[in-house]
Amino acid sequence: MKNLINNKENKVIYDVKNLNLWYGSDQALKNLDFTINENEVTAIIGPSGCGKSTFIKTLNRMIEMVPSVKTTGEILYRGTNLFDKSIGVEELRTKVGMVFQKPNPFPKSIFENVVYGAKIHGIRNKNQLMEIAENSLKSAALWDEVKDRLNDNAYGLSGGQQQRLCIARSLAIQPDVLLMDEPTSALDPIATNRIEELVEKLKKDYTIVIVTHSMHQAGRISDKTAFFLSGEVVEFGNTKDIFSNPKDKRTEDYITGRFG
Amino acid sequence: MNNRTKTRLLLDKLAHKAFLLSALFALLILGILIYRMGTQSIGWLNFEFLKNNLSIFPEKSGIYGAIIGSLRLMAVIAPVTIILGVSTAIYLEEYAHKGKLQSFINMNISNLSGVPSVIFGLLGLTVFGRMLNLGSSILAGGLTMSLLVLPIVVVSSQEAIRAVPNYLRDASYAMGASNWTVIRTVVLPSAVPGILTGTILSLSRAIGETAPLVVLGIPTLILKVPTSVMDDFTTLPIQIYYWTLDTVLTPEYANLAAATSIVLIIMLFLMNSFAIYIRNKFQKRY
């Protein structure tokens, strides 16, 4: 399947090789084999329980929070297997940021939320932190809305603003990749639209992997799409091709809304 | 309205009254207690009583030494239980793998909280009093009391830590935070109010407790106010206990015991109010 994709323009960031994953004795991911390219948006679509979230959480090893998880196979991140013992999860996660399904700001001020990552990685200088906060909030298209109330509690923001704050918080430690696990599922259409515009803008500087329930969202914002079903990748390719000319009957059924 | 509906409404009224009476029962008992202590201590509870030390003359007796003893005892218990209790709770909730060791420790902490206080007194007597040769000093009493309330602090800290939502931990882990960083920057700031509340409540249990100190052999009569943790001491509840024992020979001791009880109850009331204040003030919404 990998060979069908034209990789010439963009560098490979993640090379997933024969990845299997079990929760205890239940296999959740089966023989995944595809690549994720630099400065592209890769959408992971599929019905509930198909392994989308499980997969995206392997990319920063957040899946290891679940005690019974076992994996086989490899995920090469810029050429190194990220399951390798020599890679520290802390190091990996500073390079691979994550935005969650439900906005999860800390019960702190907007400013403290944005600079949290910078602070835990040792940056103490006030001016530097302020600069980081401003740049990150600007990148997350939130600066104009919050610049006058940076010291207010983040819980005073709307859901959509909170989610953009979480994006800003992830961007503040200058990651390489941004993983988004259904980032708009808790948001209204207007807030969703703003996040989608933001994703469009961010892919110039970041590699983005986004799990989404909405095929329309995948169609609008992604370059590549992987269609997951029962832990397998049924089809992977350019989003345009998958949506206009699906090769697999099951993909066609899903994107035309016959199930899922 | 038919008869069956009437009966049902009547039953409802009766139930309402019965439950109200049950609720008032506790209030009534407290009322009697305060009334009894109040009438008995009139004329005895005054500034002199708080300021004076013990004396063989009941009229000149005071509880200054016992108040200082109780406060110093707390000064030993608080740091010991906070450090040991919170550390244990952090280990169990944030580090230990959910498995046999963790549930074994958890089970034993629950068992420990069910052990009668007099048995902790025996433990304190053996380990701190005799083996470590601390005698019946404040240190020995404080360490014994710490063991007694430690399970309460552990369990309430565990609950406070468990109440911190996982999505906050995830946010921190996803930015490359280590376990300890997550605990320090996310878990503890959110859990501290709950931990403090539990600790204050357990301290108020400790200063009201008598049995372990009796077993440790706290002296009946102390004329010297303790100045260091190695000194002998007495506490308010111990004072109440000894005065009550001797009321047959000296009836005035009943008045002294009542006056001391009022002081002790006011202290406990203040501590509990402080705990509630902390809980309300720092209660976070997520």
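Ala, Val, Leu, Ile, Met, Phe, Trp, Tyr, Cys and Pro are counted here as nonpolar, Asp, Glu, Lys and Arg as charged, and the others, Gly among them, as polar. The model under discussion is predicted. By these classes, the lining of the largest pocket is made up of nine nonpolar, four polar and nine charged residues.

The volume of the largest pocket is about 820 Å³. The pocket is lined by 22 residues, and those closest to its centre are Glu64(A), Met65(A), Glu94(B), Tyr173(B) and Asn179(B). Two or more lining residues are given by each of several elements: helix H2 (89-95) of chain A, and helix H3 (64-95), helix H6 (138-162) and helix H7 (166-173) of chain B. The largest share, four residues, is that of H7(B).

Chain A and chain B also meet in an interface. On the side of chain A, 22 residues take part in the contact, and on the side of chain B, 18 residues do. About 1700 Å² is buried between the two chains, with 67% of this area given by carbon and sulfur atoms. In chain B, the residues that lose the most area to chain A are Tyr167(B), Ala174(B) and Met175(B), which together account for 35% of what that side buries. Zero salt bridges are found across the interface of chain B and chain A.

Two cavities of 30 Å³ or more are present in the structure. The largest cavity encloses about 60 Å³ of space. From chain A, its lining takes Gly97(A), Met98(A), Val99(A), Phe100(A), Asn104(A), Cys166(A), Arg169(A) and Ser170(A), and from chain B it takes Ala171(B), Ala174(B) and Met175(B). Ala174(B) and Met175(B), which belong to this lining, are also among the residues of chain B that lose the most area to chain A. Within chain A, strand S6 (96-99) and helix H6 (159-171) each contribute at least two residues to the lining of the largest cavity. Seven of the lining residues are nonpolar, three are polar and one is charged.

The second largest cavity holds about 30 Å³ of space. It is lined by Leu112(B), Ser113(B), Val115(B), Phe120(B), Leu148(B) and Arg205(B). This lining divides into four nonpolar residues, one polar residue and one charged residue.

Chain B is divided into domain 1, spanning 3-41, and domain 2, spanning 49-282. The centres of domain 1 and domain 2 of chain B, taken over C-alpha atoms, are separated by 34 Å. Five residues from domain 1 of chain B and seven residues from domain 2 of chain B enter the contact. The area buried between these two domains is about 480 Å², and carbon and sulfur atoms give 74% of it. On the side of domain 1 of chain B, the most area is lost to domain 2 by Met37(B), Gln40(B) and Ser41(B), together 88% of what that side buries. As for salt bridges between domain 1 and domain 2 of chain B, the count is zero.

Conventions
Residues numbered from 1 in each chain as written. Chains lettered and ligands numbered in written order. Predicted model: local features only at pLDDT ≥ 70, side-chain atom pairs only at ≥ 80, totals over all residues. Heavy atoms only, no water. 1 Å grid on protein atoms, 1.4 Å probe; cavity = no way out; pocket = protein on both sides within 12 Å on 5 of 7 lines; lining within 4 Å. Points joined across faces, edges and corners; volume = space filled by probe spheres on them. Domains from an automatic or database assignment. Contact = heavy atoms within 4.5 Å. Buried area = accessible area lost by both parts, 1.4 Å probe. Salt bridge = Lys/Arg side-chain N within 4 Å of Asp/Glu carboxyl O.
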